[in-house]
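Colleague: Before I use this model, I would like to go through the terms applied to it and hear what stands behind each of them. Could you show it to me?

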Amino acid sequence: MAVIHNYMVFLYITTIIIASGETFKTINTPSVFSKSIGRYLQDENANKSKACAASLNKVSKGILDEILWTIQMFDAAGKLPPGILRGNGGDLGAFDECMAIKSAGTQKTIFGKYCLGTINNNIAYLNHNESFWTVYSDYNTVETKSTILNKLPSLKFGACLPHTCSANDFEQFYKSLNINMIFSENNCQSSASPVELDGIAIGTLVLLGFVLAIIIVSTLYDVYNHYIYKEEKTLSPLLTAFSAFTNGRKLLKTNSNSNQISCIHGIRVITMMWIILGHRVKVTVFEVMLFNKADLPD
């Protein structure tokens with residue numbers, strides 16, 4: 001069954017490429033991408049907001065004029081990646097590059113907005129390839145097809161457009177390119193608007209703050225008794241359990257005793273050295289393969 005499932009995944013992804021390969025060219029070339037924005041803006045039937053349309057118009061013209069921030073917006077968006085037939089599930093784009101985009105020389109500043117889109121499994125795509133459904137004779141009903149679709153991988157792509165565009169604007173724009181991606185504001189982020197903390201994030205911060213407060217109180221109690229009161233024998237183990245002072249001394253302690261295997265310490269040092277050396281060699285030798293080489297220090 002595993003072989004059959006892999007074969008069906010292969011047919012499915014091949015069908016996606018055949019059905020969408022031509023349309024993906026519109027997001028792989030800057031000039032073609034700019035013209036696609038122009039056609040989208042001229043389409044009166046397209047459901048687009050005025051603010052997003054105005055920003056996209058500046059992006060379209062900026063790409064043709066080779067303005068840096070507009071080229072960065074195109075560059076940060078996901079493209080049709082290599083290796084899809086080997087299981088590559090899409091292109092997440094360049095999140096940091098998109099978030100750093102800020103227009104220059106315009107009356108209203110335009111920031112980049114990153115959204116993660118998903119190309120869901122679609123029967124319309126698969127109908128282009130009859131061999132997909134004829135692998136088994138019982139894959140003919142819509143119900144069975146839907147069950148199969150739920151087991152197939154979804155392709156994910158990162159999109160970068162102006163911050164004035166909503167998730168629906170993202171969806172409508174890519175739909176105009178015949179790329180049926182689904183977007184949600186929960187998977188979007190822009191430097192123009194601060195990230196809103198949900199209940200889980202707030203709870204986590206409160207918990208971490210509580211632990212930090214215990215560490216500070218425990219450390220102050222420990223230091224006071226050690227240097228001022230100078231009565232370490234009266235210290236409560238419970239009150240010093242979170243002390244950075246006591247635990248730090250234990251971690252940095254270099255004394256040895258007869259119960260230790262001293263050669264282990266040498267092995268630890270050698271291991272740390274080859275880990276650091278290995279990372280350095282990897283960065284140097286495979287520098288050409290780094291994604292964010294421009295962010296590396298000199």
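Modeller: This is a predicted model, and a good place to begin is its largest nonpolar core, which has 35 residues, with Phe-173, Tyr-174 and Phe-183 touching the most other members. Helices H2, H3, H4 and H9 and strands E2 and E3 each supply at least two residues of this core, and the largest share, 5 residues, comes from E3.

Colleague: What is Phe-173 in contact with, once its neighbours within four places in sequence are left aside?

Modeller: Phe-173 is then in contact with Phe-33, Ser-36, Ile-37, Tyr-40 and Leu-161. Phe-173 also belongs to the contact between H2 and H9, which is made by Phe-33, Ser-36, Ile-37 and Tyr-40 on the H2 side and by Asp-169, Gln-172, Phe-173 and Ser-176 on the H9 side.

Colleague: Why is H2 called roughly perpendicular to H9?

Modeller: Helix H2, residues 30-42, and helix H9, residues 167-176, pack at an angle of about 110 degrees, with their axes 10 Å apart. Angles of 65 to 115 degrees count as roughly perpendicular, and therefore H2 is described as roughly perpendicular to H9. By class, the residues of this contact divide into 4 nonpolar, 3 polar and 1 charged.

Colleague: How do you know that Ser-60 counts as buried?

Modeller: Ser-60, whose place is in helix H3, has a relative accessibility of 9%. Buried means under 20%, so Ser-60, at 9%, counts as buried. Not counting residues up to four places away in sequence, Ser-60 touches Ser-34, Ile-37 and Gly-38.

Colleague: And what makes Ser-55 buried?

Modeller: The reasoning runs along the same path: Ser-55 has a relative accessible area of 5%, and because the cut-off for buried is under 20%, Ser-55 is placed in that class. Ser-55 lies in helix H3, and, leaving aside its neighbours within four places in sequence, Ser-55 is in contact with Ile-110, Pro-162 and Thr-164.

Colleague: Which residues of H4 are buried, and what covers them?

Modeller: In helix H4, residues 68-76, the buried residues are Trp-69, Thr-70, Met-73, Phe-74 and Ala-76. What covers them includes helices H2, H3 and H5 together with strands E2 and E3. For the protein chain as a whole, buried residues make up 31% of the 298 residues.

Colleague: Turning to another pair of helices, what makes H10 roughly perpendicular to H11?

Modeller: The axes of helix H10, residues 199-229, and helix H11, residues 244-251, come within 7 Å and cross at roughly 80 degrees. Set against the range of 65 to 115 degrees, that angle makes H10 roughly perpendicular to H11. The contact is made by Ile-215, Thr-219, Asp-222, Val-223, His-226 and Tyr-227 of H10 and by Ala-244, Phe-245, Thr-246 and Arg-249 of H11, and by class it has 5 nonpolar, 3 polar and 2 charged residues.

Colleague: Which residues does the UniProt annotation "transmembrane region" cover, and how much of that span is helix or strand?

Modeller: According to the unreviewed UniProt entry, that annotation covers residues 200-224. In the model, the span is 100% helix and 0% strand, and its end C-alpha atoms lie 36 Å apart.

Notes. Residues numbered from 1 in each chain as written. Predicted model: local features only at pLDDT ≥ 70, side-chain atom pairs only at ≥ 80, totals over all residues. Heavy atoms only, no water. Axes fitted to C-alpha atoms, helices over the stretch in contact; angles between N-to-C directions. Helix = DSSP H or I, 4+ residues; strand = E, 2+ residues; numbered from the N terminus. Parallel < 35°, antiparallel > 145°, perpendicular 65-115°, else oblique. Contact = heavy atoms within 4.5 Å. Nonpolar A, V, L, I, M, F, W, Y, C, P; charged D, E, K, R; others polar. Buried < 20%, exposed > 50% of the residue type's maximum accessible area, 1.4 Å probe, protein only. Core = buried A, V, L, I, M, F, W, Y, C linked by side-chain atoms within 4.5 Å. UniProt positions renumbered as here; feature names shortened; annotations may be inferred.
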